[in-house]
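Let's take a walk through this structure together, pausing at its charged pairs and at one of its pockets. Keep the viewer open as you read.

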Amino acid sequence: MPNWGGGAKCGACEKTVYHAEEIQCNGRSFHKTCFLCMGCRKALDSTTVAAHESEIYCKTCYGRKYGPKGIGFGQGAGCLSTDTGDHLGLNLQQGSPKSARPSTPTNPSKFAKKMVDVDKCPRCGKSVYAAEKIMGGGKPWHKTCFRCAICGKSLESTNVTDKDGELYCKVCYAKNFGPKGIGFGGLTQVEKKE
C-alpha cells in the first residue's frame, strides 16, 4: 500500500509515525506510545533506552540480556539474585557461589572496578557509568557530552543524528551534510563553476 500521508513507519507497530508523535532511536522512528522496553514493557525515553541492533530495552533488561554474566555482576538495584532470566530467553546456570569467591577478602568497590569493563565516552574519553549513560549512535555518552558537535546544543532522541561516530542536531546535520543548491539549506544563489 502506498505511503500517502507521510511519515516513517514505527519500528514497533509498523504504522505511520507523524512528526508530532515521533521518537527516533538508532535511526528508526517510534510512536511515543510504542517506545517500550521489549523485555518488561516499561515506557522509555532518551535517558533510559539501550538499543541492541533493532531491539530497544530499558537499561535493566539490556544489562540482564547483554551485560556481563557470573558471580558479582547484576547485583545492583532492579536485579535480583534469584532472577533466572527466563523472561529474556536466557539460560543462566546456577553454580556454587562459594567456589567462585576469591580466597582473600577484598573491598567490593575495588573488586567491581577491576572486573567490570566500563564504557568510555567518545567525546571526553572518560568512563561512562550507568547513572549518567545515554546511548546515541550505538555508543554510550555522558549526559553532559550528549551535545551537537557543531553548535553545542543539548540533544534528545527526537533531535539527534549521527555521522561517522559524531552527534549532531538535525539543523546542523542538514546544513553541513544535507543536499545543496537552490531550495535546500537556505541558499539563494548557485555558485558558478569556473
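What follows looks at the salt bridges and then at a pocket.

Please bear in mind that this is a predicted model. How many salt bridges does the structure hold? There are 2, and we can visit each in turn. Side chains of opposite charge can pair when their charged atoms come close.

Start with Lys133 and Asp119, whose closest N and O atoms are 3.0 Å apart. Lys133 belongs to strand β9 (residues 133–136) and Asp119 to strand β7 (residues 119–120), so this salt bridge ties together parts that are 14 residues apart in sequence. Is Lys133 buried or exposed? Lys133 counts as buried because its relative accessibility is 18%, under the 20% cut-off. Its partner Asp119 is partly exposed, at 32%.

Now turn to Glu166 and Arg123, which form a salt bridge with an N to O distance of 2.1 Å. Glu166 sits in strand β12 (residues 166–169), while Arg123 is in the loop between β7 and β8 (127–128), so the pair links parts 43 residues apart in sequence. Glu166 is partly exposed, with a relative accessible area of 24%, and Arg123 is also partly exposed, at 32%.

Our last stop is the second largest pocket, which holds about 330 Å³ of space. Its lining counts 21 residues, and Cys25, Asn26, Gly27, Gly137 and Val160 lie nearest the centre. Strands β3 (22–25), β4 (28–31), β5 (49–52), β9 and β11 (160–163) each give two or more residues to this lining. By type, the lining has 8 nonpolar, 10 polar and 3 charged residues. Domain 1 (20–64) and domain 2 (131–175) each supply at least three residues to the lining.

Terms used. Residues numbered from 1 in each chain as written. Predicted model: local features only at pLDDT ≥ 70, side-chain atom pairs only at ≥ 80, totals over all residues. Heavy atoms only, no water. Salt bridge = Lys/Arg side-chain N within 4 Å of Asp/Glu carboxyl O. Helix = DSSP H or I, 4+ residues; strand = E, 2+ residues; numbered from the N terminus. Buried < 20%, exposed > 50% of the residue type's maximum accessible area, 1.4 Å probe, protein only. 1 Å grid on protein atoms, 1.4 Å probe; cavity = no way out; pocket = protein on both sides within 12 Å on 5 of 7 lines; lining within 4 Å. Points joined across faces, edges and corners; volume = space filled by probe spheres on them. Nonpolar A, V, L, I, M, F, W, Y, C, P; charged D, E, K, R; others polar. Domains from an automatic or database assignment.
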